[in-house]
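Please look through the sequence and the structure shown here, and then follow the report below, which goes through selected residues one group at a time.

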Amino acid sequence: SGTSISFGTPAVFESGRAEHPSATFDSTNNKVVIAYSDYGNNNYGTAVVGEVSGTGISFGSYNAFESNQAESISATFDSSNGKVVIAYNDAINADGEAIVGTVNTGNNSIAYGSAVTFNSSDSSFISAVYDSTNQRVVIAYRDSGNSLYGTAIVGQVSGTNIAFGSPGLFKSSR
């Protein structure tokens, strides 16, 4: 209200340690999606759907999107397709990947398409955003396969899949 903010009671979305959390708002379904690395489950990439009511939030079931150790997670929402896109580093396969999620409002869960590699080497400091003007997802990251240069790549969602163009450098140094 005005220039102040007040909060409701905190709600637990993960009873164990949650690392690399990233939240996005699904404006199609009016849900919050939190993606994170589940420390208690081998650091698998996991997401949970939240529903806000007043000043409270409740969560549905947990759904793993990656059955390897996921790091540097960044979630965004593609409003033109009504899909969540989660970008992350697969620490076991040592590559940057992205996956498209669809929120089920009936039980506050999320289902996924297949993961797609956007960078074939370790990717860190990942940040995914949605460009509503061009209806594309943009993923920026540091590419360990190219001298840790700052790189960005554009993805287009179709159904439960995402396809990527060619990467471009925005910083040709560390």
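## A polar contact in a loop

In this predicted model, the side chains of Asn134 and Asp131 are joined by a polar contact of 2.8 Å. Asn134 belongs to the loop that runs between strand S9, residues 123-131, and strand S10, residues 136-143. With a relative accessible area of 48%, Asn134 is partly exposed, because the class called exposed begins only over 50%.

Asn134 can also be placed relative to a residue from another part of the chain, namely Ser80. Asn134 and Ser80 are separated by 54 residues in sequence, while their C-alpha atoms are 9.9 Å apart in space.

## A buried charge without a partner

Asp78 is part of strand S4, which covers residues 56-78. Asp78 is buried and yet has no salt bridge. Which side chain of opposite charge is nearest to Asp78, and how far away is it? That side chain belongs to Arg136, at a distance of 7.6 Å, and because a salt bridge requires a side-chain nitrogen of Lys or Arg within 4 Å of a carboxyl oxygen of Asp or Glu, Arg136 does not form one with Asp78.

Asp78 does have other neighbours, since leaving aside residues up to four places away in sequence, Asp78 touches Lys83, Tyr130 and Val157.

## Two salt bridges

The structure as a whole holds two salt bridges. One of them is formed by Glu19 and Arg17, whose closest N and O atoms are 2.6 Å apart. Both residues are partly exposed, Glu19 with a relative accessible area of 22% and Arg17 with a relative accessibility of 46%. Arg17 has a further partner in Tyr39, for Arg17 lies over the face of that ring, at 3.7 Å from the ring centre.

In the other salt bridge, the side chains of Glu51 and Lys31 meet at 3.2 Å, N to O. Glu51 lies in strand S3 (residues 44-53) and Lys31 in strand S2 (residues 31-38), so this pair ties together parts that are 20 residues apart in sequence. The two partners fall into separate classes of accessibility: Glu51 counts as partly exposed at 34% relative accessibility, whereas Lys31 is buried, with a relative accessible area of 6%.

## Aromatic rings

A search of the whole structure gives six aromatic pairs. One of them consists of Phe118 and Phe164, a tilted pair with 5.8 Å from centre to centre and 55 degrees between the planes. Phe118 lies in strand S8 (residues 116-119) and Phe164 in strand S12 (residues 161-164), so the pair ties together parts that are 46 residues apart in sequence. Phe118 is buried, with a relative accessible area of 6%.

Elsewhere, ring pairs link Phe13, Tyr36 and Phe59, and these residues are thereby gathered into a cluster.

## Positive phi angles

Which value does phi take in His20? Phi of His20 is near 55 degrees, which is a positive value in a residue other than glycine. His20 is located in strand S1, residues 18-26, and at 35% relative accessibility it counts as partly exposed.

Asn43 likewise has a positive phi, of about 60 degrees, although Asn43 is not a glycine. Asn43 sits in the loop between S2 and S3. Is Asn43 buried or exposed? At 14% relative accessibility Asn43 counts as buried, because that class holds residues under 20%. When residues up to four places away in sequence are not counted, Asn43 touches Glu19, Ser37, Asp38, Asn68, Gln69 and Ala70, and among these, Glu19 is the residue that forms a salt bridge with Arg17.

## A residue before the opening strand

Ser6 is found in the segment before S1, and at 66% relative accessibility Ser6 counts as exposed. Where does Ser6 lie relative to Thr55? The two residues are 49 residues apart in sequence, and the distance between them in space is 9.1 Å, taken from C-alpha to C-alpha.

Key
Residues are numbered from 1 along each chain as its sequence is written. This is a predicted model: local features need pLDDT of at least 70, side-chain atom pairs count only at pLDDT 80 or more; totals for chains, interfaces and linings use all residues. Side-chain values use heavy atoms; hydrogens and water are left out. Helices (H or I, at least four residues) and strands (E, at least two) are DSSP runs, numbered from the N terminus. Buried means under 20% relative accessible area, exposed over 50%, partly exposed in between (1.4 Å probe, protein chains only). Lys and Arg count as positive and Asp and Glu as negative; His and the chain ends are not counted. Contact means heavy atoms within 4.5 Å. A polar contact is a pair of N or O atoms within 3.5 Å; within protein, one must be able to donate a hydrogen and the other to accept it, and residues adjacent in sequence count only if both atoms are side-chain atoms. Rings of Phe, Tyr and Trp (its six-membered ring) pair if their centres lie within 6.5 Å; planes under 30 degrees apart count as stacked, over 60 as edge-to-face and the rest as tilted. A charge sits over a ring if NZ of Lys or CZ of Arg is within 6 Å of the ring centre and within 35 degrees of the ring normal.
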